[in-house]
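This briefing introduces the structure shown below to a reader who has not met it before. It takes up charged pairs and nonpolar cores, one topic at a time.

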Amino acid sequence: MSRPRVLSGIQPTADSFHLGNYLGALRQWVAMQDSCDAFYCVVDLHAITVPQDPAVLRRRTRVAAAQLFGAGLDPDRCTVFVQSHVPEHVELAWVLGCLTGFGEASRMVQFKDKSAKAGPDTASVGLFTYPILQAADILLYQTDQVPVGEDQRQHLELTRDLAQRFNHRFGETFVIPRPYILPGVAKIADLQDPTIKMSKSSSSPQGIVDVLEDPAAIRRKIGRAVTDAGTEVRADEEAKPGITNLLRIYSALTGEAVASLEQRYAGAGYGTLKKDLADVVVNALAPVRERTEKMLADTDHLDRLLAQGASRARQVAGVTMAAVRDRVGLLPPS
Ligand code: TRP
């Protein structure tokens, strides 16, 4: 049996991915590269749905790609590419946009959240049609499974609806993709506010551990993580969200069950837990950071890997797009 086709995307909107990205996405992407036929893209076109400084975007796109390779994606075992290098994404997004109802697009909660934050007059049409571009990303590759976080469920529903609508109207063209929301993936919370998820947009830098951060800063942030009343090291979402988060991070990085950690740290106190956790995090991220830095030291090589990824992606995307043009009735150029 052939391996399931997988596609996922991540935005190049920070100078480093954070621990939440690493544990919630990148590590799973790496794990899936052998069991699946995986395509991973750095979605720079999604990034420009909100204002970006051009030089910064260019830099962050390379840094994002370097981190994907640094985290362990192997260009010989999966396809890593930059979204804008494959023009079929935009082309299919236009066609799908013509099949999307205005009301349907208006119901996307991520748009409502983001545009509320941006203010009603500053949200762009690109931000509004963001989920349609995401549907194009997925459908171009005849994707079976899309590894994403829970927050992307609605976008996946739209993608499935659009695929079914197209197939119904124009004939079987797209595989209907399924979200692959990983069971047991650790939800990592902010170190300063453990009631919200770790996210670049929602906290001070003190609440976030970056993958590329230097060890001293990582130790400092974990040392200063907000903890809870009492002294007992015990997971309890309600009463002890801070300690629960630290235990989850520890467990996710070492594979040791939270219950076993609770036993091991019984009577040890918060300070000991934090000190050990700092070692665990520093040791887990060090090889990723080192490989990423090595990739960034040779951008010619990095750019060649991305060109190779784009060329493989275009081979697949081009076949789908040719079928789409034909089905829709676009006159072929002669
Ligand atoms: N919207 C996704 C996110 O914010 C990123 C994304 C863009 C994506 N295109 C995709 C994820 C295609 C999966 C598949 O996380």
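**Salt bridges and nonpolar cores**

Asp15 has a relative accessibility of 38% and therefore counts as partly exposed, a value that, like the others here, is computed from a predicted model. The salt bridge that Asp15 makes with Arg60 is described below, followed by other charged pairs and then by the nonpolar cores.

**The pair Asp15 and Arg60**

- Asp15 and Arg60 are joined by a salt bridge in which the closest N and O atoms lie 3.2 Å apart.
- Because Asp15 sits in the loop between β1 (5-10) and α1 (19-35), while Arg60 belongs to helix α3 (residues 54-71), this pair ties together parts that are 45 residues apart in sequence.
- Unlike Asp15, which is partly exposed at 38%, Arg60 counts as buried, because its relative accessibility is 17% and the cut-off for buried is under 20%.
- Arg59 also takes part here, since a network of salt bridges links Asp15, Arg59 and Arg60.

**Other salt bridges**

- In total, the structure holds 19 salt bridges, and two more of them are described in this group.
- Glu157 and Arg160 form a salt bridge whose closest N and O atoms are 4.0 Å apart, and both residues lie in helix α9 (residues 153-170), where they are three residues apart, or about one turn of the helix.
- Glu157 is partly exposed, with a relative accessible area of 41%, and Arg160 is likewise partly exposed, with a relative accessible area of 21%.
- Glu213 and Lys221 meet through their side chains in a salt bridge with an N to O distance of 2.6 Å, and both of these residues are buried.

**Nonpolar cores**

- In soluble globular proteins, nonpolar side chains tend to be buried together.
- The largest nonpolar core in this model has 57 residues, and the members that touch the most others are Tyr22, Leu68 and Val281.
- Helix α13 (residues 270-296) gives the most to this core, contributing 10 residues.
- Val281, when its neighbours within four places in sequence are left aside, is in contact with Val209, Ile218, Ile222, Ile249 and Leu253.
- Another core lies apart from the largest one and has 37 residues, among them Cys41, Ile132, Tyr141 and Val324.

How values were computed. Residues are numbered from 1 along each chain as its sequence is written. This is a predicted model: local features need pLDDT of at least 70, side-chain atom pairs count only at pLDDT 80 or more; totals for chains, interfaces and linings use all residues. Side-chain values use heavy atoms; hydrogens and water are left out. A nonpolar core is a set of buried Ala, Val, Leu, Ile, Met, Phe, Trp, Tyr and Cys residues joined through side-chain atoms within 4.5 Å. Buried means under 20% relative accessible area, exposed over 50%, partly exposed in between (1.4 Å probe, protein chains only). Helices (H or I, at least four residues) and strands (E, at least two) are DSSP runs, numbered from the N terminus. Contact means heavy atoms within 4.5 Å.
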